Amino acid sequence: MAKGKDVRVTVILECNSCVRNRVNKESMGISRYITQKNRHNTPGRLELRKFCPCCYKHTIHGEIKK
């Protein structure tokens, strides 16, 4: 039987400071993480503090569209 919508969905988190600062060509790129969230408990966009290897510090990573 097919379900309508899954409760747990896969989301991509992207570093907000790298995107805002428009990373230069010498750097490694934009930091991204893949995780899951519960759609019922967190209906809005997810934001977590994760380590960014491009910025070399912990920054806020926000959910992006797929």
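**Exercise 1. In which strand does His61 lie, and what surrounds it there?**

Solution. This is a predicted model, in which local features need pLDDT of at least 70 and side-chain atom pairs count only at pLDDT 80 or more, while totals for chains, interfaces and linings use all residues. Residues are numbered from 1 along each chain as its sequence is written, and side-chain values use heavy atoms, with hydrogens and water left out.

Step 1: His61 belongs to strand S4, which covers residues 57–64; helices (H or I, at least four residues) and strands (E, at least two) are DSSP runs numbered from the N terminus.

Step 2: the relative accessible area of His61 is 0%, so the residue is buried, a word that stands for under 20%, with exposed for over 50% and partly exposed for what lies in between (1.4 Å probe, protein chains only).

Step 3: leaving aside residues up to four places away in sequence, the residues that His61 touches include Leu13, Ser31, Tyr33, Leu46 and Phe51, where contact means heavy atoms within 4.5 Å.

**Exercise 2. Describe the chain as a whole, starting from its secondary structure.**

Solution. Step 1: the chain has one helix and four strands, and from the N terminus on these elements run in the order β-α-β-β-β.

Step 2: of the 66 residues in the chain, 26% are buried.

Step 3: if one takes the contacts between residues at least 6 apart in sequence, 51% of them join residues at least 24 apart.

**Exercise 3. Find the salt bridges and state whether each partner is buried or exposed.**

Solution. Step 1: a salt bridge requires a side-chain nitrogen of Lys or Arg within 4 Å of a carboxyl oxygen of Asp or Glu, and by this rule there are two salt bridges.

Step 2: one of them joins the side chains of Arg32 and Glu14, with a distance of 2.6 Å from N to O. This pair links distant parts of the chain, since Arg32 is in strand S2 (residues 32–38) and Glu14 in strand S1 (residues 8–15), 18 residues apart. Arg32 is exposed, with a relative accessible area of 52%, whereas Glu14 is buried at 10%.

Step 3: Glu63 forms a salt bridge with Lys37, and their closest N and O atoms are 3.1 Å apart. Because Glu63 lies in strand S4 and Lys37 in strand S2, the pair ties together parts that are 26 residues apart in sequence. Glu63 is buried, with a relative accessible area of 18%, and Lys37 also counts as buried, at 8% relative accessibility.
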